[in-house]
Amino acid sequence: MPDSLTVTDNRTGKTYEFPISYGTYSDNGACIRALDLRKIKGTEEDFGLLTYDPAFQNTASCKSAITFIDGDKGILQYRGYGIDELAEKSTFLEVAFLILNGELPSPDELEKWVWNVTHHTLIHENIKKFIDGFHYDAHPMGMLISTVAALSTFYPDSRSVTDSDNRRRQIHRLIAKLPTISAFIYRHMIGRNYVYPDNDLSYTGNFLAMMFSLTGRAYRPDPVLERVLDVLFILHADHEQNCSTSAMRGVASSQADPYVSLAAAAAALYGPLHGGANEQVLRMLQEIGSKDHIPDYVKRAKAGEFRLMGFGHRVYKNYDPRARILKSMASEVFEVTGRNPLLDIALELERIALEDDYFVSRKLYPNVDFYSGIIYQAMGFPVDMFPVLFAIPRTAGWLAQWEEMMMDEDQRIARPRQIYIGPEERSFVEVGNR
Ligand code: ACO
């Protein structure tokens, strides 16, 4: 059987044959090239056939070797390694190296990589000044997006995006500085002094110290919470061509520098239908308030009054594997922090929803955001900071996708087509005659 698609255009009676190509798995990633369809023309002058795909529901924008998701089976892999195994055996920085380079690091490579990231954690003192300029109650994502974009003005060398050594330098900087900027933003919100990075601590240990240290007291992160945060970071490191990653690739495709491109990705992440959902889940659970109110709340969601936040996913039509890991980790956290009462509401909400035909028939399962917020809150992070906690690890994924795009000869500036449905050409009428 040939690997091709035969199409007949009933307008002209002409038949066309297009090759079908595959990704790694033959049952996932079979595609034709959209440009082949342009050969299909109603008349000689015709522009050729386009595909209409609002929100890119069935369009592959790139070939990528970074992350594999099988949404029907609930599988997530980075560079071929299953997310469960990575969450159990690896560290966030090791996973970031894997995502960026394609292979797990050797001991020497890991040491060098950790050293490089650790030694770029400081930020220019002027950055503190403009963090100072934000209102204390500004949303931290707004501050993060603006501050990351402003880094572009501190590192004008980053504009040499076609130079791979230069790209690597910016990658070290961004992965290293995101936790520092995020912690400074938090300290600004609560009116506390900024705590500088401690290079003797791990990536997540240092972040916790910068967030929660009190002046005059040596801060040592709780090892369980440090590890749980590391696992949370692993789970959020990449998720192939989602809204924010597509923003990163889209903006960077114009050869804009990685700081402004990453700020655009973070802006996309901020929305409540994407990375802002973990924040919304917490607010939803607080609003529900008690298990007795769940049936009524679910009824209202089914009636279309609102959506159950943390439920449903464009790709997963099965349990999100990240949500499963987080659900099982919650008890470890609560042993240290005390139980978050919202967990009981979340477990009951999940139970009721997964028995309800509305959610079952639409394949709406808990996604990663459903349990992450409950854990973050128990660890002492304010709700506003949740999307920031998503952006820190996703920085590794955004940068890996950027790097892959820059090396991909198929890629050029991102520029979708449209189907024009406005008026046909007409003459201008002077204002007095309208
Ligand atoms: N609650 C209630 N109904 C829902 C939900 C939900 N959370 N999600 C989808 N539906 C319903 C829709 O109303 C629609 O029903 P209909 O066919 O009767 O009209 C059907 O399920 C399909 O929904 P779509 O919006 O077409 O699905 P889409 O793939 O476009 O949306 C999305 C995916 C945005 C994640 C959606 O499920 C949603 O809004 N979920 C809540 C927000 C959320 O948790 N986002 C985090 C996603 S994970 C992440 O970004 C890290």
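Sorted by class, the shell around the ligand in this predicted model comes out as nine nonpolar, five polar and four charged residues. Of the 18 residues around the ligand, Arg307, Leu308, Gly310, Phe311 and Arg314 come nearest. Arg314 also makes a polar contact: an N or O atom of its side chain sits 2.9 Å from an oxygen atom of the ligand. Asn367 does much the same job on paper, with a side-chain N or O atom 3.0 Å from a ligand oxygen. For Tyr358, the partner is a nitrogen atom of the ligand, 3.0 Å from a polar side-chain atom. As for cover, the ligand taken alone exposes 930 Å², and the protein buries 73% of that.

Next, helix α4, which spans residues 125-132. Its buried residues are Ile127, Lys128 and Ile131. Looking down the axis of α4, these buried residues fall within an arc of 105 degrees, so they line one face of the helix. What they pack against is α5 (140-154) and α6 (164-190).

Then there is the backbone. Most residues other than glycine have a negative phi. Phe56 is not a glycine, yet its phi is positive, at about 50 degrees. Phe56 is found in the loop between β2 (14-19) and β3 (67-70), and its relative accessibility is 56%; the cut-off for exposed is over 50%, so Phe56 counts as exposed. Lys363, also not a glycine, has a positive phi of about 55 degrees. Its loop runs between α15 (357-361) and α16 (368-378), and at 41% relative accessibility Lys363 counts as partly exposed.

Conventions:
Residues are numbered from 1 along each chain as its sequence is written. This is a predicted model: local features need pLDDT of at least 70, side-chain atom pairs count only at pLDDT 80 or more; totals for chains, interfaces and linings use all residues. Side-chain values use heavy atoms; hydrogens and water are left out. A residue is near a molecule or strand if one of its heavy atoms lies within 4 Å of it. A polar contact is a pair of N or O atoms within 3.5 Å; within protein, one must be able to donate a hydrogen and the other to accept it, and residues adjacent in sequence count only if both atoms are side-chain atoms. Accessible areas come from the Shrake-Rupley method with a 1.4 Å probe; for residues, only the protein chains shown count as cover. Ala, Val, Leu, Ile, Met, Phe, Trp, Tyr, Cys and Pro count as nonpolar, Asp, Glu, Lys and Arg as charged, and the others, Gly among them, as polar. Buried means under 20% relative accessible area, exposed over 50%, partly exposed in between (1.4 Å probe, protein chains only). Helices (H or I, at least four residues) and strands (E, at least two) are DSSP runs, numbered from the N terminus. The arc is that of the directions from the helix axis to the C-beta atoms. Contact means heavy atoms within 4.5 Å.
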